[in-house]
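Please open the structure in your viewer and keep the selection tool at hand. The tour below proceeds by selection, one stop after another.

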Amino acid sequence: MRATQRLSFFAVMIAFSLSMSLAILGDQPPVARFTCSEQPEQLPLNVFFDAAACEDPDGRIVIYFWTFGDGYTGSGQSIAHTYAQAGCYKVTLMVIAEGGARDTLSGLIYVPGVEEVYPFGVQVGQAAPEFALADLDGTTVRIADFRGQVVILDFWASWCAPCATTAPVLEELCRQFQDDGVVLVGVTIDRRVEDAGRFLADNGYTSMIALWGSLDAAREVKALYGVVEIPHVFVIDRIGVIRFAGRAEELDAAHVEPWLREDVICGSIRAGGTQGTGLTPQPLHH
């Protein structure tokens, strides 16, 4: 009798475990995806958003909820929205499946209009000069890769005593605003790439994207930006315009916060030819 009871107990436990496993496996979250197209490129700008590529592995999506970044929202798998003003807007799609599981996807939309023109230069209010340098692992990084984010660009070196003083301040500033799209990019003027890497590792600085390439390459970028003494810092906004230029110890949160908004007015960047801002969705994160 006791053996039968034990077998019944184990059978019940096995059945319970199987049912729980099936329930967990059957509650896979949906995947949010969307595309957009504009028509035509003039204000007011009509944009068509399509979420037909969304999928739910074990059911169906019952809610598509949109926020367009300009104070308006909408629902539906496909939807059109009109932007009345030029600017940069964060569009977010939330999808919810039958069982309540959800996923979100965000992207930046650049809406052109009557735009201000920014010439290339190294002064506040000018477009930051383009450059490309290898990071400490040898991968080429372009400053334009960070378009759509706010960049703190630091010129520094491991042998520079004032740099050692400002480095933790910049690290903390980046961590404070990294969820708002702030990145810390550092051009190091070290003679050896190992010196820069050791300095960052020994001090636990993980936020900086350190660039070097070679001493000559780093010095060329330093000259391009008109930097004489280090540490020297620039704050570059989401469309590539310099908003702060000066000594690193002068930089604080007040110089960064005004450029965190994603609805700032966009502009064109000019140097000989033109580089428009156009309508370009850029995925941010899930």
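What follows is a sequence of selections, each with a description of what is found there.

**Before starting**

The model is predicted, so local features need pLDDT of at least 70 and side-chain atom pairs count only at pLDDT 80 or more, while totals for chains, interfaces and linings use all residues. Residues are numbered from 1 along each chain as its sequence is written, and side-chain values use heavy atoms, with hydrogens and water left out.

**Stop 1: Gln 28 and Asp 58**

Select Gln 28, in the loop between helix H1 (2–25) and strand S1 (35–39). Helices (H or I, at least four residues) and strands (E, at least two) are DSSP runs, numbered from the N terminus. Gln 28 counts as partly exposed because its relative accessibility is 38%. The classes are buried (under 20% relative accessible area), exposed (over 50%) and partly exposed (in between), with a 1.4 Å probe and protein chains only. Add Asp 58 to the selection: the C-alpha atoms of Gln 28 and Asp 58 are separated by 6.6 Å, although the two residues are 30 apart along the chain.

**Stop 2: Arg 33 and Glu 55**

Select Arg 33 and Glu 55, whose side chains meet in a salt bridge at 3.3 Å, N to O. Glu 55 lies in the loop between strand S2 (45–50) and S3, and Arg 33 in the loop between H1 and S1, so the pair ties together parts that are 22 residues apart in sequence. A salt bridge here is a side-chain nitrogen of Lys or Arg within 4 Å of a carboxyl oxygen of Asp or Glu. By this rule the count comes to nine salt bridges. Both partners are partly exposed: Glu 55 at 41% relative accessibility and Arg 33 at 35%.

**Stop 3: strand S3 and the loop after it**

Select strand S3 (residues 61–67), which holds Ile 63 and also Tyr 64. Are these two residues buried, partly exposed or exposed? Ile 63 counts as partly exposed at 39% relative accessibility, whereas Tyr 64 counts as buried at 12%. Show the surface of Val 62, Ile 63 and Phe 65, which make a nonpolar patch of about 230 Å². Patches are made of residues with over 30% relative accessible area and no salt bridge; like charges are joined within 9 Å, and nonpolar side chains (Val, Leu, Ile, Met, Phe, Trp, Tyr) within 5 Å. Accessible areas come from the Shrake-Rupley method with a 1.4 Å probe, and for residues only the protein chains shown count as cover.

Return to Tyr 64 and add Gly 74: their C-alpha atoms are separated by 8.4 Å, with these positions 10 residues apart along the chain. Then select Asp 70, in the loop between S3 and strand S4 (73–75). Asp 70 is partly exposed, with a relative accessible area of 24%. The C-alpha atom of Asp 70 is separated by 7.7 Å from that of Tyr 83, 13 residues apart along the chain.

**Stop 4: Asp 179 and its patch**

Select Asp 179, in the loop between helix H2 (161–177) and strand S12 (182–188). Asp 179 counts as exposed because its relative accessibility is 78%. Extend the selection to Asp 180, Asp 252 and Glu 257, which together with Asp 179 form a negative surface patch. Lys and Arg count as positive and Asp and Glu as negative; His and the chain ends are not counted. The place of a charge is taken as NZ of Lys, CZ of Arg, CG of Asp or CD of Glu.

**Stop 5: Asp 190**

Select Asp 190, in the loop between S12 and helix H3 (193–203). Which side chain of opposite charge is nearest to Asp 190? It is Arg 192, 8.0 Å away, and Asp 190 is buried yet has no salt bridge. The side chain of Asp 190 does have a polar contact of 2.5 Å with that of Ser 158, and another of 2.5 Å with that of Thr 188. A polar contact is a pair of N or O atoms within 3.5 Å; within protein, one must be able to donate a hydrogen and the other to accept it, and residues adjacent in sequence count only if both atoms are side-chain atoms.

**Stop 6: helix H3**

Select Asp 195 and Arg 198, both in helix H3 and three residues apart, about one turn of the helix. Their side chains meet in a salt bridge at 3.3 Å, N to O. Adding Arg 192 shows a network of salt bridges that links Arg 192, Asp 195 and Arg 198.

**Stop 7: Pro 231 and Asp 237**

Select Pro 231, in the loop between helix H4 (215–224) and strand S14 (232–236). A cis peptide bond joins Ile 230 and Pro 231, with omega about 5°. Finish at Asp 237, which counts as buried at 6% relative accessibility and whose side chain meets that of Arg 243 in a salt bridge at 2.8 Å, N to O.
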